[in-house]
Amino acid sequence: MLKIKSRNFSFYTINRSNLKNLLNENISIKIFTKNISFKDYLFGFFAPSFDLKLKDVSFLEKYIEFQHKDKKITNLYKALYFGRSIDYDTRQKLSTLGISHLFALSGLHLGVLSGILFLILSPFYKFFQQRFFPFRNRFFDLGIVVFFVEFLYLYFTNFPPSLVRAFIMEIVIFISLVYLEKEPLKILFFTFLASLLIFFEKVFSIGYFLSFIGVYYIFLFIKYFKINFVNTLILSFYMYMMMFVIGHFFFYNFNYYQLLSPIVNILFSVFYPVSIFVHFIGIGDLFDNLIKWYLNLGEKYYYVKIHDFTLTVFLFLSLIAYYRKWAFYGINALALSILLYIIL
């Protein structure tokens, strides 16, 4: 019995071929669709299948594989760059260390990609703009080009939910700036609505929910604190507290090294573009020993579960915190209390 995740849906099938372990592999398969309803298509189904084959690895993935000896490290970088699946053991360690979100393609990755594209394309655009179309807006035109390349990236990575949220939000914010609409809750609402209309089933995934609620807490922080260097550092610790409550309702792994995750989050903003560069020049294994050492810290863990009532109260306070300052401080106090209780 196999569970197969395609670009647009997931389904179950039975395969009788004597093949190697297919976990996290890319395959092609043909299925019988006669008895699949629209509801089944949206929420999952079982279908008979045939002609299952392993797909060839892309040139870029082979280039990544060539630079690493450890397969788990290779898969980690594939997840980071191409949205590929991570083996169960590594996923458990990432969850225990509180950094699973760093390897789920999201806004950070799109931000780095768009920044690199803008820096590369901007000089060429300026050259032609000065000679042929000085009346054009460089940021608007390059924004359209960046969106097109990012959409190709989404297609290549099979539209992961957190990346879908980030892409839609980026477009909504872009349009909002054009029309001078900067209300964060409206931006979030239109992001959700556009995601629902375009990528319906993605909206109902845990990944989308965690990504969406994470952005809400960022907007909440920005509402009450001005963005500067110090507050940007504080934001990482604030987000850890908020997402600790939400995350441990779904995922139960915890150990004390997880408390370092806010610092790792900050360092990751530097690590991600640097890792791309070192892979580009062929020395991608530069950080392999450091990564293996850090992952080994997540081998042992405790079981931590946030109860339904606690989460309900926390989400309720979170919703009204945008309009009531006391509720904002209330969710911070509640999150900190839960964290301290678990630590002690």
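Let's start with the sheet: in this predicted model, three strands line up as β1-β2-β4 in an open arrangement with mixed pairing. The strands at its edges are β1, covering residues 2-5, and β4, covering 45-46, and each of them pairs on one side only. Follow β2, residues 10-13, across to β4 and you'll find the two strands running parallel, joined by two bridges. If you want a residue to look for there, take Tyr 12, which stands opposite Phe 46 in β4.

Now for the charged side chains. Side chains of opposite charge can pair when their charged atoms come close. The structure holds nine such salt bridges, and a few of them are worth walking through.

Take Arg 84 and Glu 61 to begin with: their closest N and O atoms sit 2.9 Å apart, and the two form a salt bridge. This one connects distant parts of the chain, with Arg 84 in the loop between α3 (71-82) and α4 (88-97) and Glu 61 in helix α2 (residues 59-66), 23 residues apart. Are the two partners buried or exposed? Arg 84 has a relative accessibility of 16%, so it counts as buried. Glu 61 is at 5%, so it is buried as well. The pair doesn't stand alone, either: Glu 61 and Arg 84 belong to a network of salt bridges that also takes in Glu 65 and Lys 78.

Next, go to helix α4 and look for Lys 93. Its salt-bridge partner is Glu 299, with 3.8 Å between the closest N and O atoms. Because Glu 299 lies in the loop between α12 (288-296) and β7 while Lys 93 lies in α4, this pair ties together parts that are 206 residues apart in sequence. Lys 93 is a buried lysine, with a relative accessible area of 11%.

Arg 136 and Asp 141 give you another salt bridge, where the side chains meet at 2.5 Å, N to O. What about the surroundings of these two? Arg 136 is partly exposed, at 36% relative accessible area, whereas Asp 141 counts as buried at 14%.

Moving on to helix α9, residues 206-224, you'll come across Ser 211. With a relative accessibility of 11%, this serine counts as buried. Which residues does Ser 211 touch, once you leave out those up to four places away in sequence? They are Ser 162 and Arg 165. With Arg 165 there is a polar contact too, side chain to side chain, at 2.6 Å. For another long-range relationship, compare Ser 211 with Gly 107: they are 104 residues apart in sequence, and their C-alpha atoms are 8.9 Å apart in space.

Last stop: Lys 305, placed in the loop between β7 (302-303) and α13 (308-321). Its relative accessibility of 28% makes it partly exposed, since that category runs between the 20% limit for buried and the 50% limit for exposed. Setting aside neighbours within four places in sequence, Lys 305 is in contact with His 248, Phe 249 and Tyr 252. As for Asn 24, which is 281 residues away from Lys 305 along the chain, the C-alpha atoms of the two are separated by 28 Å.

Notes
Residues are numbered from 1 along each chain as its sequence is written. This is a predicted model: local features need pLDDT of at least 70, side-chain atom pairs count only at pLDDT 80 or more; totals for chains, interfaces and linings use all residues. Side-chain values use heavy atoms; hydrogens and water are left out. Two strands pair if DSSP finds at least two bridges between them. Helices (H or I, at least four residues) and strands (E, at least two) are DSSP runs, numbered from the N terminus. Buried means under 20% relative accessible area, exposed over 50%, partly exposed in between (1.4 Å probe, protein chains only). Contact means heavy atoms within 4.5 Å. A salt bridge is a side-chain nitrogen of Lys or Arg within 4 Å of a carboxyl oxygen of Asp or Glu. A polar contact is a pair of N or O atoms within 3.5 Å; within protein, one must be able to donate a hydrogen and the other to accept it, and residues adjacent in sequence count only if both atoms are side-chain atoms.
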